[in-house]
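Hi,

Here is the structure I promised to pass on. Have it open while you read, and my notes follow below.

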Amino acid sequence: MMQDFLFKASNISKYYGQNVGCKNVSLDINSGEVLGIVGESGSGKSTLLNCIYGNLKVDEGDILLNDKSKKILNFTKIDEPKLRLIQRSDLAFVHQNPRDGLRMNISAGGNIGERLMAIGHRNYGEIREIASSWLEKVEIDVSRIDDKPSTFSGGMQQRLQIARNLVTKPRLIFMDEPTGGLDVSVQAKILDLLRNLVRELGIAAIIVTHDLAVVRLLADRIIVMQNGNVIEAGLCDQVLDDPQHKYSQLLVSSVLQV
Amino acid sequence: MNDMSKDKNIDIQIYNFAYLDENTKRMIRRALLKALCIPGYQVPFSSREMPMPYGWGTGGIQVTSACLIPKDVLKVIDQGADDTTNAVSIRKFFQKTANVAVTEKTSDASLIQTRHRIPETKLKEQQILVYQVPIPEPLRFLEPRETETRKMHALSEYGLMFVKLYEDIAKHGHIETAYAYPVKTNGNYVTDPSPIPKFDNPKMNNNPAIQLFGAGREQRIYAIPPYTNVKSLDFEDYPFEAMKANFKCSICGSSDSYLDEIIVSDDGKRSYICSDTDYCKEQTQLNSKEEDQ
């Protein structure tokens with residue numbers, strides 16, 4: 001059997017007591033592909049993202065990753081050490097608030113180096129070199145390598161978080177509202193950067209956002225969620241230009257035009 | 001009370017041998033045995049109120065109390081010295097509550113309680129070294145969540161420990177951490193050696209004595225069994241270096257023991273002396289013998 005998918009989640013359900021987090025959600029993604037998950041607040045986007053990343057235990061469903069050696073791993077079955085190893089080598093997670101994803105009292109270089117040291121790098125010179133090159137890639141002045149992120153602007157912090165996550169060359173990156181809380185010009189810069197990096201490195205990405213402009217720019221395919229259910233899925237342009245479901249239509253029509 | 005304390009026999013009736021009651025000692029011994037079985041693993045124990053504040057060595061004292069037997073010979077040091085407040089008061093405490101013999105000579109002691117030093121004289125089999133530990137968790141200031149650090153130990157995720165060393169080099173050009181320098185015990189758990197100077201770290205490796213660590217406030221006990229591999233963490237291009245002040249002791253002239261810096265005059269004149277008072281005494285005696293010959 002051909003196993004050409006990179007990541008596949010099937011029939012994911014997560015309940016918070018009586019309440020539904022997400023219900024019967026399936027998605028799959030191939031290498032280099034960008035998938036957007038859109039929906040209003042409380043629609044279960046972040047729950048879904050945390051479930052498929054392995055941070056939250058799912059109640060039903062399977063999460064499969066096709067790992068580097070072409071072996072299929074099921075997140076719901078593998079033990080925690082293995083999962084955490086996968087999370088820091090094959091996967092990456094970019095938080096909405098850079099404070100959640102960065103160590104604020106550790107220098108920018110240390111922040112980027114942490115994931116390298118976590119997978120066994122023990123050569124200071126090498127780590128520093130890689131950290132510098134990544135600062136360059138995310139357009140942060142290399143001379144700031146020893147400054148703490150707390151002295152950075154919001155946009156720089158977010159770019160640093162992206163660098164920190166991409167340094168171990170993950171194959172799939174999860175992003176939870178990566179541009180939320182940033183002003184529009186900074187947003188545009190981050191989106192530009194993300195688009196270039198994702199294309200250049202061939203990384204697949206799953207982006208959760210309520211901002212349709214973000215998915216329009218980045219995503220190849222999107223899924224639309226409401227009340228924990230997927231109500232529409234398809235190619236990005238197709239869904240955004242010709243939404244079929246009532247809620248998707250509402251979502252598309254409520255975008256403000258300048 | 002003064003009248004009673006003059007008579008040692010009465011003291012011993014007032015206190016159980018070595019202060020703690022037998023059930024408590026049993027609980028601590030069980031923790032110690034577990035700690036010895038899993039070198040470097042922090043075993044929780046139910047630390048007792050001691051008749052002194054936390055931070056004065058309550059963890060070490062509880063471990064000593066649980067290990068002490070009547071024929072033990074006890075030595076207590078504080079920063080290497082036998083005659084500093086902490087050492088004197090703990091030594092007196094056990095003289096009073098356990099009536100054990102005490103000594104200042106490292107080689108004569110069967111149990112040594114220490115704060116922040118390992119004696120210069122080589123330890124041998126049958127000796128126990130008890131460390132007083134303020135913060136047993138080497139990852140504490142890097143990851144404040146105890147639930148998370150325990151998981152990191154369990155899964156040996158020690159990347160973060162290296163981040164600390166990275167930060168040192170980035171800031172100072174070398175690994176600046178000079179005390180409480182993290183070690184890897186038996187190739188497994190990263191362990192806090194208590195705030196001993198990193199000069200002492202190599203002494204922990206393959207030591208014939210039993211090394212026990214007690215943290216009273218934090219309620220943790222851990223141990224390094226005899227002849228265990230203890231490696232100080234480092235980078236390939238910035239290897240671990242045991243360092244000391246580059247002077248000679250102004251009393252005994254020793255150049256290979258760890259030195260304390262003392263300011264001897266108002267205009268900032270400095271003098272260096274051995275921090276290990278017993279070693280210094282020994283060296284002075286050796287020197288005078290040589291002079292006599």
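Start with strand β3 (residues 34–39) of chain A: β3(A) pairs with β8(A) in the parallel sense, over 5 bridges. If you want a spot to click on, A:L35 sits opposite A:I206 in β8(A). Keep in mind that this is a predicted model.

On to strand β7 (residues 172–176) of chain A, which also runs parallel to β8(A) and is joined to β8(A) by 5 bridges. Here A:M175 has A:I207 of β8(A) as its bridge partner. To get from β7(A) to β8(A), the chain goes through helix α7 (residues 184–201) of chain A, and this β-α-β crossover is right-handed.

So why is strand β8 (residues 204–209) of chain A largely enclosed by the rest of the structure? Because 5 of its 6 residues are buried, a label that takes 20 or more other C-beta atoms within 10 Å of a residue's own.

Now zoom out. Chain A is assigned two pieces: domain 1 (7–90 + 171–253) and domain 2 (107–169). Their C-alpha centres lie 25 Å apart. Where they touch, domain 1 of chain A puts in 13 residues and domain 2 of chain A puts in 14 residues.

Which elements give two or more residues to the domain 1 side of chain A? They are α2 (80–89) and α7 of chain A, with α7(A) supplying the largest share, 7 residues. That side of domain 1 of chain A divides into 9 nonpolar, 2 polar and 2 charged residues. And yes, α7(A) is the helix from the crossover above.

Cheers

Key
Residues numbered from 1 in each chain as written. Chains lettered and ligands numbered in written order. Predicted model: local features only at pLDDT ≥ 70, side-chain atom pairs only at ≥ 80, totals over all residues. Buried ≥ 20, exposed ≤ 12 C-beta atoms within 10 Å, placed from the backbone. Helix = DSSP H or I, 4+ residues; strand = E, 2+ residues; numbered from the N terminus. Pairing = 2+ DSSP bridges. Right-handed = clockwise from strand over helix to strand, strands pointing away. Domains from an automatic or database assignment. Contact = placed C-beta atoms within 7 Å. Nonpolar A, V, L, I, M, F, W, Y, C, P; charged D, E, K, R; others polar.
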